Amino acid sequence: MAKLVFKDIHKQFGNHTALEGISVEIAEGEFFTLLGPSGCGKTTMLRLIAGLETADKGEIWIGDRDVTYLPPGQRKVAMVFQNYALYPHMTVAENISYPLVIKKTPGGRIQEKVKSVAERLSLKGLLQRMPSQLSGGQQQRVAVARAMVQDPLVYLFDEPLSNLDAKLRQEARRFLKRIQKETGITAVYVTHDQTEAMAMSDRVAVLKDGRLIQVASPETIYTEPADVFVAGFVGSLPMNLIEGKLEKEGRDLRFSAGEFSVGIDENIGLANGAKLTLGIRPEQVFFEPDSDGGRTRAVIDDVEQLGSEMTVSLSIGEVILLSRIPKSRPPKTGERVKLRFDKSGFHFFDECGNRIAGAKI
Amino acid sequence: MMRTRYGTRPFILAALVLIGVFFLLPLLWLVSTPFSAEPTLAVKFSQPSLGNFLKIAANRTALIAFKNSLILSGGAMILVVVLGSLAAYSLSRANFSGKQAILSVLLLFSSVVTGVAAMVPIYTLNSRLHLIDTHIGVILIFAAGFLPTAIFILKDFMDRIPRAYEEAALVDGSSPVQLFRYVAFPLARQGLAVIAVLTFVNTWSNFLVPFVLIRSNEKIPIAVAIYQFFSEVGIPRIGVISAYSLLYTLPVLVIYFWISRRYGFGFFGGIKG
Ligand SMILES: Nc1ncnc2c1ncn2[C@@H]1O[C@H](COP(=O)(O)OP(=O)(O)OP(=O)(O)O)[C@@H](O)[C@H]1O
Ligand SMILES: [Mg+2]
């Protein structure tokens, strides 16, 4: 139970910069998620907190202690490793109890803790097995259990649920979240699964190439992505991003990109001729039969049925748009349709890809 | 096709039997001759007798030699395992400049120290250090001779053990002693077992080093003591020598089975996922 602070952290591997100028403050008891594509430095950040790597520059604080140069054992963190790192010569029960045994916890207390955590992670029948006799998902749960029996200041989870099937993952997610909330122990959770990040976190940090792009609540990340990268990364379907420019047409401003064109209200404060990227979430793209030959026309490319919803891919000349709509009579491939947008969901990004603040309809 | 297969079979079988007999005969001789009253160089089972063993039991030097051999080989084994594992662990885990050079030199030295060519300098060295006719002198030479090879093999073995286990143990809060005792040692112990047995077997059969460095009869190991069972005119007393040789092989077998039972040989490791 402590806050965790990164102050301008840099980390270099040879001539590869893994982390660059990371500054962030994680509040006491917060469930904080690091989200980003493979190789962006998520594991490196956790290893820095755990003390398995040392920062080249900057400070890390846990609670009121500067732990930047403290060895791992003294930082009071518990970590679930991406590759589990279960001790191969110990049984599941011994693996889970190891952190308690070396801290000289009384035997009865250990038994009790191991039993309760094993039960909650469906590991009861496996306690006497060796790690090599477990499936990937089972190993992962043992790794989680080994962290959860401890009483650390901070939990570090490196993609702890990546190997579980959908149902177990749901259960484990709720279990982790509940324990974390009950104990109030600060948690730093790494994932590249944006759904997981959105579902579990108090706050999400989006990481790209060793830099923090945005740190905010899941809600804000979704509704106000800081740049095109975040916009494309977050959401069950990536946001449609169309590069084009603003053009004045009589009284109206229009955004156009090739054959694609859509009217924009003038009051968004953007100048005529500005080059920008328009972002629209697939949930806010609709279409209807082309009866009156409207301006923005599209052709249905492909239809994907997903239970209660469907994803339709539409093309307007060179521009491809995805639309996610409730299931109805599926449109035919090749059919011509008229597009309609929920313009309140328009996002505008400048030439460098950064969000244009206040440019909201 | 069938014809050729059945056609060649008897020949292959005959050849295999021949090879088998060739290797089996000396072993048969070794287990039969000591119990024979009239030992010769042929494999014969005649007039079983324990006379040869009784002669050994009556020879004080022969008995003490057993103890001496155990001290020398056991001492070398412990020294090699302890020093070798520490050295190999640092070479495997630490990165420093010149590491590659050290490894190449190790490989080069692995066959030099106990070789025949080195006996003169070894004798001089021991003599200057007043280690002539001491067990410790022989143990040090034995250990020095085998350590380069041991470190090389162990380093390779430890390189294959993922660091993740040690990292997990560190984050879990292990002290250095706990890290070694509960994680590093158990993970490396199969490699250590291989090295322990290799050291023991190698030094157990080493004749030259103790022969050169040890003077007094009370301190010689078996390999040298066997030499005594030649009569004054240099004719081997076959019965006694074979009985002694049989006894001589027993500790090696015991060590081998004991260590393999307790620690298991072979290299495991690897990390799933
Ligand atoms: N010990 C190391 N030596 C050299 N480069 C390293 C080392 N560890 C990590 N890197 C590099 O640093 C970058 C960040 O690695 P990191 O493991 O933090 O990525 P990640 O975000 O956890 O990715 P993933 O989602 O694939 O686990 C990568 O480009 C990686 O190649
Ligand atoms: Mg990683």
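This passage describes the predicted model of two protein chains, A and B, with attention to the ligand sites, the strands of chain A and selected positions in chain B.

In the predicted model, chain A contains eight helices and 20 strands, whereas chain B contains 11 helices and zero strands, so that the elements of chain B, taken from the N terminus on, form an uninterrupted series of α elements as defined by DSSP runs. Of the 361 residues in chain A, 52% are buried; in chain B, which has 273 residues, buried residues make up 41%. Along the principal axes, the C-alpha atoms of chain A fill a box of roughly 80 × 45 × 35 Å.

Within chain A, an open sheet of four strands has the order β2-β1-β4-β5, with antiparallel pairing. The edges of this sheet are formed by β2(A) and by β5(A) (residues 65-66), each of which pairs on one side only. Strand β1(A), which spans residues 4-13, runs antiparallel to β2(A) and is joined to it by seven bridges; in this arrangement, Phe13(A) stands opposite His16(A) of β2(A). Both Phe13(A) and His16(A) are also found among the residues around ligand 1.

The surroundings of ligand 1 include, besides these two residues, Ala18(A), the run of Ser38(A), Gly39(A), Cys40(A), Gly41(A), Lys42(A), Thr43(A) and Thr44(A), and finally Gln82(A) and Glu159(A). By class, this shell consists of three nonpolar, seven polar and two charged residues. At least two residues of the shell are supplied by each of β2(A) (16-26) and α1(A) (42-50), and α1(A) accounts for the largest share, with three residues. Polar atoms of the protein approach oxygen atoms of the ligand from several positions: a backbone N or O atom of Cys40(A) lies 3.2 Å from an oxygen atom of ligand 1, an N or O atom in the side chain of Thr44(A) is 2.5 Å from an oxygen atom of ligand 1, and a polar side-chain atom of Gln82(A) lies 2.8 Å from an oxygen atom of ligand 1. On its own, ligand 1 has 640 Å² of accessible area, of which the protein covers 62%.

Gln82(A) also takes part in the site of the magnesium ion (ligand 2), where the protein donors are OG1 of Thr43(A) and OE1 of Gln82(A), lying 1.8 to 2.3 Å from the ion. This pair links distant parts of the chain, since Thr43(A) belongs to helix α1(A) whereas Gln82(A) lies in the loop between β6(A) (77-80) and α2(A) (92-102), the two residues being 39 residues apart. Thr43(A) counts as partly exposed because its relative accessibility is 26%, and Gln82(A) is likewise partly exposed, with a relative accessible area of 38%.

A further element of chain A, strand β13(A) (residues 260-264), is mostly covered, with five of its five residues buried. In a regular strand, the side chains alternate between the two faces of the sheet. In β13(A), both faces are covered: Phe260(A), Val262(A) and Ile264(A) on one side are buried, as are Ser261(A) and Gly263(A) on the other. Strand β12(A) (residues 252-257) runs antiparallel to β13(A) and is joined to it by five bridges, and Leu253(A) has Ile264(A) as its bridge partner in β13(A). The two strands form a hairpin with two residues between them, and in the turn Gly258(A) has a positive phi of about 60 degrees.

Turning to chain B, Ser174(B) is located in the loop between α7(B) (164-171) and α8(B) (176-204). With a relative accessibility of 8%, Ser174(B) falls under the 20% limit and therefore counts as buried. The side chain of Ser174(B) makes a polar contact across chains with the side chain of Tyr98(A), at 2.8 Å, while a polar atom of the Ser174(B) side chain lies 2.6 Å from the backbone oxygen of Ala169(B).

Gly75(B), by contrast, is found in helix α3(B), which comprises residues 60-93. Its relative accessible area of 21% is not under the 20% limit, so Gly75(B) is partly exposed. The C-alpha atoms of Gly75(B) and Phe142(B) are separated by 9.1 Å, although these residues are 67 residues apart along the chain.

Technical notes. Residues are numbered from 1 along each chain as its sequence is written. Chains are lettered from A and ligands numbered from 1 in the order in which they are written. This is a predicted model: local features need pLDDT of at least 70, side-chain atom pairs count only at pLDDT 80 or more; totals for chains, interfaces and linings use all residues. Side-chain values use heavy atoms; hydrogens and water are left out. Buried means under 20% relative accessible area, exposed over 50%, partly exposed in between (1.4 Å probe, protein chains only). Two strands pair if DSSP finds at least two bridges between them. A residue is near a molecule or strand if one of its heavy atoms lies within 4 Å of it. A polar contact is a pair of N or O atoms within 3.5 Å; within protein, one must be able to donate a hydrogen and the other to accept it, and residues adjacent in sequence count only if both atoms are side-chain atoms. Accessible areas come from the Shrake-Rupley method with a 1.4 Å probe; for residues, only the protein chains shown count as cover. Ala, Val, Leu, Ile, Met, Phe, Trp, Tyr, Cys and Pro count as nonpolar, Asp, Glu, Lys and Arg as charged, and the others, Gly among them, as polar. Donors are N, O and S atoms within 2.8 Å of the metal (3.2 Å for Na, K and Ca); water is not among the atoms, so sites may look incomplete.
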